[in-house]
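The following exercises introduce a protein structure through its overall form and a selection of its residues. Each task is followed by a worked solution.

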Amino acid sequence: MQLGLIGLGKMGANMNLRLLRGGHQMVVFNRSPGPVQAAAAAGAIPSESVEDLVSKLATPRAVWVMVPAGEPTESTVLKLMDLLDADDVIIDGGNTNYKDTVRRAEMVRERGLHFIDVGTSGGVWGLREGYSLMIGGDAAVVERLRPIFETLAPAPDLGWGYMGPSGAGHFVKMVHNGVEYGMMQAYAEGFNIMKAKTELELDVQRIAEVWRHGSVVRSWLLDLTAAALAEDPELNSVSPWVADSGEGRWTVNESIDLDVPAPVISLSLMMRFVSRQDNSYAAKLLAAMRNQFGGHAIKTKE
């Protein structure tokens, strides 16, 4: 099956390779030429612009957009809308806010085109392990694209599925990432407690390896934790600053809008904010209050 791919970041480049290995013909474009040249060396058909990419695809066309959420996705979709013909398909595989997806899907439908949203999980490991794909849009169009999804997934019958109408794929991926926040925070807190119990001389890297096999808390996230600890047990090379890419915030906002409690996900998001405050005024004020009401000692700067 032929597919156009716009965006060759780490994830997009690995998706391209997985599809090529699965026998699909890929036409690729990236704003910077280096990744396009690398993809061409692997067997993809290079293009010099979005217009060039569209011209090289046979109809009905399918173009997968793998660029950052927000303006980059918006401008790419708008450009494709002017270039594609009726019955062509635009696929958004990025971490887009589902509300933007619903809006874009309606714009695209008005032009006689199809819009499919694919929440994509798997990160840089997707080339080897396959991607988890959460798909929204017209079910008949999803079925048309089945060979692509079967190739990208861990197996043709595993790890991918139709979630519902436009926006459903990105909504499910948003919640998926919110759950991921909570799981990561729980692991981080547990290992922090064990690390603090110095008198037992616990080897947290060894513990991670033990937990990976047979334990009820085993997971791929634990596998990655064990790998990180094996590389740097004291994490001396890691700064205690944790970013969030948006999906956790969106999940918390949805829980508020729906009156659905999500204390674990909400707190895990707040803890990411805490990590960014090297000189927290709130922490200082807490210490000052404890000193005022109970005479508790305050640590002062040297």
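The model is predicted. Its accessible surface is the starting point.

**Exercise 1. Describe the protein chain as a whole: its surface, its extent, its secondary structure and its contacts.**

Solution.
- Step 1: The accessible surface of the protein chain amounts to about 16500 Å², and carbon and sulfur atoms account for 58% of this area.
- Step 2: The C-alpha trace extends over about 75 × 40 × 35 Å along its principal axes.
- Step 3: The secondary structure consists of 14 helices and eight strands.
- Step 4: The chain has 302 residues, and 41% of them count as buried.
- Step 5: Take the contacts between residues at least 6 apart in sequence; 64% of these join residues at least 24 apart.

**Exercise 2. State how far apart the mean positions of the positive and negative charges are.**

Solution.
- Step 1: The protein chain carries 28 positive and 36 negative charges.
- Step 2: The mean positions of these two sets are separated by 4 Å.

**Exercise 3. Decide whether Asp-92 is buried or exposed, and list the residues in contact with Asp-92.**

Solution.
- Step 1: Asp-92 belongs to strand β5, which covers residues 89-92.
- Step 2: The relative accessible area of Asp-92 is 1%.
- Step 3: Buried means under 20%, and therefore Asp-92, at 1%, is buried.
- Step 4: Apart from neighbours within four places in sequence, Asp-92 is in contact with Val-65, Thr-73, Arg-104, Phe-115, Ile-116, Asp-117, Val-118 and His-170.
- Step 5: Ala-58 lies 34 residues from Asp-92 in sequence, and their C-alpha atoms are 19 Å apart in space.

**Exercise 4. Locate Gly-167 and describe its surroundings.**

Solution.
- Step 1: Gly-167 is in the loop between β8 (160-164) and α9.
- Step 2: With 4% relative accessibility, Gly-167 counts as buried.
- Step 3: Beyond its neighbours within four places in sequence, Gly-167 is in contact with Tyr-98, Thr-101, Val-102 and Asp-117. Asp-117 is also one of the contacts of Asp-92.
- Step 4: Between Gly-167 and Leu-80, which are 87 residues apart along the chain, the C-alpha separation is 19 Å.

**Exercise 5. Classify two helix residues, Thr-251 and Glu-209, by their accessibility.**

Solution.
- Step 1: Thr-251 is part of helix α12 (residues 247-257), and Glu-209 is part of helix α10 (residues 204-211).
- Step 2: The relative accessibility of Thr-251 is 7%, so this residue counts as buried.
- Step 3: Leaving out neighbours within four places in sequence, the contacts of Thr-251 are Met-174, Val-175, Gly-178 and Ile-265.
- Step 4: The relative accessible area of Glu-209 is 25%, so this residue is partly exposed.
- Step 5: Ala-227 is 18 residues from Glu-209 along the chain, with 9.0 Å between their C-alpha atoms.

**Exercise 6. Identify which peptide bond is cis, and find the phi values of Asp-87 and Glu-201.**

Solution.
- Step 1: Recall the general background: most peptide bonds are trans, and most residues other than glycine have a negative phi.
- Step 2: The peptide bond from Thr-59 to Pro-60 is cis, and its omega is near -5 degrees. Pro-60 is located in the loop between α3 (50-55) and β4 (62-65).
- Step 3: Asp-87 is not a glycine, yet its phi is positive, about 80 degrees. This residue occupies the loop between α4 (71-83) and β5, and its relative accessibility of 33% makes Asp-87 partly exposed.
- Step 4: Glu-201 also has a positive phi, near 50 degrees. The loop between α9 (168-196) and α10 contains Glu-201.
- Step 5: Exposed means over 50%, and therefore Glu-201, with a relative accessible area of 69%, is exposed.

**Exercise 7. Find which residues form one aromatic cluster, and which rings lie beneath the charged ends of Arg-272 and Arg-276.**

Solution.
- Step 1: The whole structure contains four aromatic pairs.
- Step 2: One aromatic cluster is formed by Trp-64, Phe-149 and Trp-160.
- Step 3: Arg-272 places its charged end over the ring of Tyr-181, at 3.6 Å from the ring centre.
- Step 4: Arg-276 places its charged end over the ring of Trp-241, at 5.1 Å from the ring centre.

How values were computed. Residues are numbered from 1 along each chain as its sequence is written. This is a predicted model: local features need pLDDT of at least 70, side-chain atom pairs count only at pLDDT 80 or more; totals for chains, interfaces and linings use all residues. Side-chain values use heavy atoms; hydrogens and water are left out. Helices (H or I, at least four residues) and strands (E, at least two) are DSSP runs, numbered from the N terminus. Buried means under 20% relative accessible area, exposed over 50%, partly exposed in between (1.4 Å probe, protein chains only). Contact means heavy atoms within 4.5 Å. Accessible areas come from the Shrake-Rupley method with a 1.4 Å probe; for residues, only the protein chains shown count as cover. Lys and Arg count as positive and Asp and Glu as negative; His and the chain ends are not counted. The place of a charge is taken as NZ of Lys, CZ of Arg, CG of Asp or CD of Glu. Rings of Phe, Tyr and Trp (its six-membered ring) pair if their centres lie within 6.5 Å; planes under 30 degrees apart count as stacked, over 60 as edge-to-face and the rest as tilted. A charge sits over a ring if NZ of Lys or CZ of Arg is within 6 Å of the ring centre and within 35 degrees of the ring normal.
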